[in-house]
Amino acid sequence: MTETEETLGTPTLQELLRDSPKNWGKWGPEDEVGSLNYLTVEEAQRGAAEIRTGKSFTLAIPIGNPEGDPIWPGRKTAVRTNVMDRRNFLCGTGPSFNGDLEYADDVITMYLQGTSQYDALGHMWYGEKIYNGYAAETTIGSLKKASVFPIAERGIVGRGILIDIARFRGKAALERGETFSHEDLVAAASAQGVTIHKRDILLIRTGWVGSYYETEETEFYRDFLEPGLTYSPQLVEWFRDMEIPNLVTDTIGNEVTRDPVSGVDLPLHNALMRNLGIAFTEIIALDKLAEDCSSDGQWTFLYTAAPMKIVGGSGAPVNPVVIK
Ligand code: UVW
């Protein structure tokens, strides 16, 4: 099929999401953090109440791995360059300090979405408006509205719940393009012996990012189509009614890349992030945490995250910390 035949009959996001609910204005005309507003001090306490042993997990993937980092096709992986090290001091090109101090320095060049990261609410849009109704023109040059900065200033603390959809389906990782719905999440939670509560930070393991490290790059990126949640009006209503503040997954895009029903690419970035203001956290390492949760039966925990404070950024790297 040619690209034109493939896209013929595909609705625009405007058409697909015409009746989709929005949280615009709910937290005021100047709001930039959306559903993270649900994470009140009571929610932090609810998360803290889940701490039983104090065991902690960091959820970022390595950055600038010589074997490669999983990223969205078209982006480049991070390049860390050493610009000062012992050699400079051996050949006398290093700065001199009283006391003979020496040091190493690095520069990194990377996409802000090129590793474990929070998307800014203004990162994606359609119909000339970003989250909360701000004009798409506010993204020109840098995000003047709904950038990642207010999210970073706020930080994220709440009760996290891990749903291991791969384990639920008896697989190490979901297949390319494999989808699941909110009903599958509820069924998987029930199989794990847990209940997803209102305002939980939802972590979903598909095994996909973990599989990157065991798969040839060409095979991983072949016909790029990640597994993930798939759009339906009912799913959007479920997320809205559950007041989910933050969706965290071990995929690059947090949703199936192309909705198999409508043919639209990344509709949930728009239905959930742009319209409901749900924070998206992507490329997260969940395999070790899932292994531990499966062995001790504790799938809920305190989740904390502080993305970097990039002024005007469309996203920012993050290394979330979970405490059980
Ligand atoms: C794109 O920006 C295409 O995706 P993501 O939000 O997953 O980084």
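**Exercise 1. Asp 287 and its surroundings**

Task: Is Asp 287 buried, partly exposed or exposed, and which residues does it touch?

Solution.
Step 1. The relative accessible area of Asp 287 is 29%, so the residue is partly exposed. The class runs between the limits of 20% and 50%. Please keep in mind that you are working with a predicted model.
Step 2. On the secondary structure, Asp 287 belongs to helix α12, which covers residues 287-296.
Step 3. With residues up to four places away in sequence set aside, Asp 287 touches Arg 205, Gly 207, Gly 210 and Asp 250.
Step 4. Now look across the sequence: Leu 59 is 228 residues away along the chain, and the two C-alpha atoms are separated by 9.2 Å.

**Exercise 2. A strand residue with distant partners**

Task: Where does Phe 57 lie, and which residues is it in contact with beyond its neighbours in sequence?

Solution.
Step 1. Strand β1, residues 56-58, holds Phe 57.
Step 2. Its relative accessibility is 14%, so Phe 57 counts as buried; the cut-off to apply is under 20%.
Step 3. Leaving out neighbours within four places, the contacts of Phe 57 are Lys 288, Leu 289, Asp 292, Pro 320, Val 321, Val 322 and Lys 324.
Step 4. Take Lys 288 as one of these partners. Lys 288 and Phe 57 are 231 residues apart along the chain, while their C-alpha atoms are separated by 8.1 Å.

**Exercise 3. The surroundings of helix α11**

Task: Why can helix α11 be described as largely enclosed, and what covers its buried residues?

Solution.
Step 1. Go through residues 267-274: Pro 267, Leu 268, His 269, Asn 270, Ala 271, Leu 272, Met 273 and Arg 274 are buried.
Step 2. That makes eight of the eight residues of α11, so the helix is largely enclosed by the rest of the structure.
Step 3. The cover includes helices α2 (13-16) and α10, together with strands β4 (117-119), β8 (228-229), β9 and β10 (279-282).
Step 4. Leu 266 sits in the loop between β9 and α11. At 10% relative accessibility, Leu 266 counts as buried.

**Exercise 4. Positive phi outside glycine**

Task: What are the phi values of Leu 266 and Asp 223, and is Asp 223 buried or exposed?

Solution.
Step 1. Leu 266 has a phi of about 50°, a positive value although the residue is not a glycine.
Step 2. For Asp 223, also not a glycine, phi is positive and near 45°.
Step 3. Asp 223 is placed in the loop between α9 (217-221) and β8.
Step 4. With a relative accessible area of 57%, Asp 223 is exposed, whereas Leu 266 is buried.

**Exercise 5. Two loop residues**

Task: Where are Glu 243 and Pro 29, and which residues do they touch?

Solution.
Step 1. Glu 243 is in the loop between α10 (233-241) and β9 (246-249). Its relative accessibility is 15%, so Glu 243 counts as buried.
Step 2. Not counting residues up to four places away in sequence, Glu 243 touches Tyr 38, Lys 198 and Arg 199.
Step 3. Pro 29 is found in the loop between α2 and α3 (41-48). At a relative accessible area of 64%, Pro 29 is exposed.
Step 4. Beyond neighbours within four places, Pro 29 is in contact with Asn 132 and Tyr 134. Val 311 is 282 residues away along the chain, and its C-alpha atom is separated from that of Pro 29 by 20 Å.

**Exercise 6. The whole chain**

Task: How does the radius of gyration of the protein agree with that of a compact globule, and how is the protein divided into domains?

Solution.
Step 1. A compact globule of 324 residues would have a radius of gyration near 20 Å; the protein has 21 Å, which agrees.
Step 2. The C-alpha trace spans about 65 × 50 × 45 Å along its principal axes, and 51% of the residues count as buried.
Step 3. Count the secondary structure: 12 helices and 13 strands.
Step 4. Among contacts between residues at least 6 apart in sequence, 80% join residues at least 24 apart.
Step 5. Domain 1 takes in 27-74 + 111-323, and domain 2 takes in 79-108. Their centres over C-alpha atoms are separated by 38 Å.
Step 6. Finish with the surface and the charges. About 14,700 Å² is exposed, of which carbon and sulfur atoms supply 52%. There are 30 positive and 46 negative side chains, and the centres of the two sets lie 4 Å apart.

How values were computed
Residues numbered from 1 in each chain as written. Predicted model: local features only at pLDDT ≥ 70, side-chain atom pairs only at ≥ 80, totals over all residues. Heavy atoms only, no water. Helix = DSSP H or I, 4+ residues; strand = E, 2+ residues; numbered from the N terminus. Rg over C-alpha atoms; globule rule 2.2 N^0.38 Å. Buried < 20%, exposed > 50% of the residue type's maximum accessible area, 1.4 Å probe, protein only. Contact = heavy atoms within 4.5 Å. Areas by Shrake-Rupley, 256 points an atom, 1.4 Å probe, with all protein chains shown as cover. Lys, Arg positive; Asp, Glu negative; His and termini not counted. Charge placed at Lys NZ, Arg CZ, Asp CG, Glu CD. Domains from an automatic or database assignment.
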